[in-house]
Amino acid sequence: MKLLIINGPNLGRLGRREPSIYGATTMEEALETLRAAFPMHTIEYYQSNVEGLLIDRLEQAADEGVEGIALNAGAYTHTSIALHDAIRSIGLPVIEVHLSNVHQREAFRHHSMIAGACRGVICGFGMLSYRLAIEALVSAE
Ligand code: DQA
């Protein structure tokens, strides 16, 4: 399968950003591990701090034959109706991913604007959250 991981704002600094919450592993290291774990699948990666560019990438994914997306929209998860609409519009399975357990954190992280448009939600497992999302995408009937 052709899969895509999309990370939103502030996730370009994984490994350096608040490691007590998000861990010390960089996304590049995590991607190496993920690609080794799923050698029969193609895993592309995109990160942007810009809401509109995340929407552009979702639309592009639909046009280029991506079959499933693991999306960590960062703080836009909690605010973005535009991302919700984009997820719905592309008609691809999208799994909402978070490294941290957002429900153990501040109240403003408890609500997701995008969950209702996603196939499922995985949070709280650090970098393993991405692996679980890929597992869900490749195992789906
Ligand atoms: C996050 C959780 C969000 O609340 C936060 O804004 C992030 C990271 C996570 O992966 O745990 O940027 O999506």
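**The ligand and its surroundings**

The ligand sits in the largest pocket. The model described here is a predicted one, and the points below follow the ligand, the residues around it, and then one arginine, Arg57, whose place is in a helix.

**The shell around the ligand**

- The residues found around the ligand are Arg17, Tyr22, Asn72, Gly74, Ala75, His78, His98, Leu99, Ser100, Val102 and Arg109.
- When this shell is divided by residue type, four of its residues are nonpolar, five are polar and two are charged.

**Polar atoms that face the ligand's oxygen atoms**

- Asn72 places a polar side-chain atom 2.8 Å from an oxygen atom of the ligand, and Arg17 likewise has a polar side-chain atom that lies 3.1 Å from an oxygen atom of the ligand.
- With Ala75 the backbone takes part, for one of its polar backbone atoms is 3.1 Å from an oxygen atom of the ligand.
- The ligand, if taken alone, would expose 320 Å², and the protein buries 99% of that area.

**Arg57 in helix α3**

- Arg57 belongs to helix α3, which is made up of residues 51-63.
- The relative accessible area of Arg57 is 9%, and because a residue counts as buried when this value is under 20%, Arg57 is classed as buried.
- The side chain of Arg57 is joined to the side chain of Glu44 by a polar contact of 3.4 Å.

Notes
Residues are numbered from 1 along each chain as its sequence is written. This is a predicted model: local features need pLDDT of at least 70, side-chain atom pairs count only at pLDDT 80 or more; totals for chains, interfaces and linings use all residues. Side-chain values use heavy atoms; hydrogens and water are left out. A residue is near a molecule or strand if one of its heavy atoms lies within 4 Å of it. A polar contact is a pair of N or O atoms within 3.5 Å; within protein, one must be able to donate a hydrogen and the other to accept it, and residues adjacent in sequence count only if both atoms are side-chain atoms. Accessible areas come from the Shrake-Rupley method with a 1.4 Å probe; for residues, only the protein chains shown count as cover. On a 1 Å grid over the protein atoms alone, a cavity is a set of points where a 1.4 Å probe fits but cannot get out, and a pocket is an open set with protein on both sides within 12 Å along at least five of seven lines; lining residues have an atom within 4 Å of a point. A molecule sits in a cavity or pocket if more than half of its atoms lie within 2 Å of its grid points. Ala, Val, Leu, Ile, Met, Phe, Trp, Tyr, Cys and Pro count as nonpolar, Asp, Glu, Lys and Arg as charged, and the others, Gly among them, as polar. Helices (H or I, at least four residues) and strands (E, at least two) are DSSP runs, numbered from the N terminus. Buried means under 20% relative accessible area, exposed over 50%, partly exposed in between (1.4 Å probe, protein chains only).
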